[in-house]
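The report below goes through the side-chain pairs, the sheet and the surface of one protein chain. Please read it with the sequence and the structure in view.

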Amino acid sequence: VCAGTLNGLSVTGDAQHQYQTLHKMYNNCEIVMGNLEIVLIDHTQDLSFLQTIREVTGYILIAMNVFSSLPLQNLRVIRGTQFYEEKFALFVLLNYNPNSTHALRQLGLNQLTEILAGGVYIEKNAQLCHVDTVEWRDIMRDPRLEPVV
């Protein structure tokens with residue numbers, strides 16, 4: 001079990017500092033108590049330490065990154081006890097560099113079966129594949145919410 005963050009799009013230091021902080025917080029972590037915020041991570045960083053995460057109690061924010069794949073293949077549940085922008089449990093935005101070919105191509109949420117509260121927002125990810133083939137309504141528990149993809 002490890003603690004999450006509540007920084008939103010705010011970052012401290014450069015991309016290297018962001019990565020070191022992320023690694024220190026989530027290495028060997030299975031349950032994130034709070035929010036998993038992955039912001040401003042470079043394409044050269046090894047994120048394989050994230051594959052141990054099975055559950056996030058708050059929200060997941062993935063924004064302004066340029067890595068190609070997110071290794072959250074063991075994530076099963078986003079509880080949504082907190083929301084990003086007041087209603088989203090999964091928020092994925094602006095994960096590409098317009099000046100290069102580096103961009104998020106795969107979310108890798110193969111095991112995600114439940115978002116207990118909150119919606120899904122996935123937008124402005126120029127090279128992200130297959131998100132429109134996911135039946136987000138089957139994963140989201142709240143039938144009143146429409147996924148924004």
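## D142 and its partner

D142 counts as buried, because its relative accessibility of 18% falls under the 20% limit for that class. In this predicted model, the side chain of D142 meets that of R144 in a salt bridge, with 2.8 Å from N to O. R144, by contrast, is exposed, its relative accessible area being 72%, so that a buried acid is joined here to an exposed base.

## Other salt bridges

The pair just described is one of 5 salt bridges found in a search of the whole structure. Another of them joins E55 and R79, whose side chains meet at 2.6 Å, N to O. E55 belongs to strand β4, whereas R79 is in the loop between β6 (77-78) and β7, and the pair therefore ties together parts that are 24 residues apart in sequence. The acid is again the buried partner, since E55 has a relative accessible area of 17%, while R79, at 34% relative accessibility, counts as partly exposed.

E114 and R141 form a further salt bridge, in which the closest N and O atoms are 2.7 Å apart. This pair links distant parts of the chain, with E114 in strand β8 and R141 in the segment after α2 (136-139), 27 residues apart. Here E114 is partly exposed, with a relative accessible area of 28%, and R141 counts as exposed at 52% relative accessibility, just as a value over 50% requires.

## The parallel sheet

How are the strands of the open sheet ordered, and is their pairing parallel or antiparallel? The sheet consists of 4 strands in the order β3-β5-β7-β9, and the pairing is parallel. Its edge strands are β3 (36-39) and β9 (119-123), each of which pairs on one side only. From one strand to the next, the twist averages 5°.

Strand β3 is joined to β5 (residues 60-63) by 4 bridges, and these two strands run parallel. Within this pairing, V39 stands opposite A63 in β5. In general, strands of a sheet pair through backbone hydrogen bonds, in either a parallel or an antiparallel manner.

## Q18 in helix α1

Q18 has its place in helix α1, which covers residues 15-26. With 15% relative accessibility, Q18 counts as buried. Leaving aside residues up to four places away in sequence, Q18 touches V11, T12, V39, L40 and I41; one of these contacts, V39, is the residue that stands opposite A63 in β5.

## A nonpolar surface patch

Which residues form the nonpolar patch on the surface? The patch is made of L9, V11, L40, M64 and L94, which together have about 340 Å² of accessible area. V11 and L40 are also among the residues that Q18 touches.

L40 is placed in the loop between β3 and β4 (55-56), and it is partly exposed, with a relative accessible area of 31%. L94 lies in the loop between β7 (88-93) and β8 (114-115) and is likewise partly exposed, its relative accessible area being 33%. Not counting residues up to four places away in sequence, L94 touches A63, M64, N65, E123, K124 and N125, and M64 is itself a member of the patch. L94 and N27, for their part, are 67 residues apart in sequence and 25 Å apart in space, C-alpha to C-alpha.

Methods:
Residues numbered from 1 in each chain as written. Predicted model: local features only at pLDDT ≥ 70, side-chain atom pairs only at ≥ 80, totals over all residues. Heavy atoms only, no water. Buried < 20%, exposed > 50% of the residue type's maximum accessible area, 1.4 Å probe, protein only. Contact = heavy atoms within 4.5 Å. Pairing = 2+ DSSP bridges. Axes fitted to C-alpha atoms, helices over the stretch in contact; angles between N-to-C directions. Patch = residues over 30% accessible without salt bridge, like charges linked within 9 Å, V, L, I, M, F, W, Y side chains within 5 Å. Areas by Shrake-Rupley, 256 points an atom, 1.4 Å probe, with all protein chains shown as cover. Salt bridge = Lys/Arg side-chain N within 4 Å of Asp/Glu carboxyl O.
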